[in-house]
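Work through the exercises below with the sequence and the structure at hand. Try each task before reading its solution.

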Amino acid sequence: MEENISERNGFGRLMCGVALTAMGTAHLARDSKGLGFALVAAGAMKVAEGIFLYCPLTALINSNVKDAVTSTFDEFMDGETLMKAFNENYQNQGGQSSSSGTSSSGQAATNPS
């Protein structure tokens with residue numbers, strides 16, 4: 001496992017994990033089983049993340065973002081695809097501006113006021 005969070009972030013996670021575990025233990029003592037078990041489990045996960053400086057969710061998000069950026073960059077840096085997208089956008093904008101100019105001048109001619 002490669003570390004993917006800083007030591008400062010890990011220390012914060014460790015402290016939050018200890019606090020969540022303590023709250024969960026207190027809830028278990030008061031017969032609130034469902035919430036107590038959930039808090040203890042969440043706290044234990046945060047403690048482990050703080051000790052190992054590894055967060056699985058951060059790793060998942062980073063890998064998905066890197067894959068998305070790489071594939072998108074490779075697709076759109078192809079010259080032919082880029083020019084095709086530019087030409088389609090330019091033709092769409094040109095068609096809209098000429099039709100809106102005609103309709104606005106037609107309205108001005110029909111309304112004498």
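**Exercise 1.** Decide whether glutamate 49 is buried or exposed in this predicted model.

Solution. Step one: take the relative accessibility of glutamate 49, which is 10%. Step two: compare this with the cut-off, since buried means under 20% relative accessible area. Glutamate 49 therefore counts as buried.

**Exercise 2.** Find which side chains meet that of glutamate 49 in a salt bridge, and describe each pair.

Solution. Start with arginine 13, whose side chain forms a salt bridge with glutamate 49 at 2.6 Å, N to O. This pair links distant parts of the chain: arginine 13 belongs to helix α1 (residues 7-29) and glutamate 49 to helix α2 (residues 33-52), and they are 36 residues apart. Arginine 13 counts as buried because its relative accessibility is 15%.

Next take lysine 46. The side chain of lysine 46 meets that of glutamate 49 in a salt bridge of 3.1 Å, N to O. Here both residues lie in helix α2, 3 residues apart, which is about one turn of the helix. Lysine 46 has a relative accessible area of 28%, so it is partly exposed.

Finally, put the pairs together: salt bridges with shared partners join Arg13, Lys46 and Glu49 into one network. The count of salt bridges comes to 2.

**Exercise 3.** Name the residues of the nonpolar surface patch, then classify valine 65 by its accessibility.

Solution. The patch is formed by Leu57, Leu60, Ile61, Val65 and Val69. Together they have about 460 Å² of accessible area. Now look at valine 65, which is found in helix α3 (residues 56-76). Its relative accessibility is 45%. Partly exposed covers the range between the buried limit of under 20% and the exposed limit of over 50%. Valine 65 therefore counts as partly exposed.

**Exercise 4.** Describe the protein chain as a whole: its elements, its buried share, its contacts and its exposed area.

Solution. Begin with the secondary structure, which comes to 4 helices and 0 strands. Read from the N terminus on, the order is α-α-α-α. For burial, the chain has 113 residues, of which 12% count as buried. For contacts, consider those between residues at least 6 apart in sequence: 58% of them join residues at least 24 apart. For the surface, the chain exposes about 8,600 Å², and carbon and sulfur atoms supply 63% of that area.

Notes. Residues are numbered from 1 along each chain as its sequence is written. This is a predicted model: local features need pLDDT of at least 70, side-chain atom pairs count only at pLDDT 80 or more; totals for chains, interfaces and linings use all residues. Side-chain values use heavy atoms; hydrogens and water are left out. Helices (H or I, at least four residues) and strands (E, at least two) are DSSP runs, numbered from the N terminus. Buried means under 20% relative accessible area, exposed over 50%, partly exposed in between (1.4 Å probe, protein chains only). Contact means heavy atoms within 4.5 Å. Accessible areas come from the Shrake-Rupley method with a 1.4 Å probe; for residues, only the protein chains shown count as cover. Patches are made of residues with over 30% relative accessible area and no salt bridge: like charges are joined within 9 Å, nonpolar side chains (Val, Leu, Ile, Met, Phe, Trp, Tyr) within 5 Å. A salt bridge is a side-chain nitrogen of Lys or Arg within 4 Å of a carboxyl oxygen of Asp or Glu.
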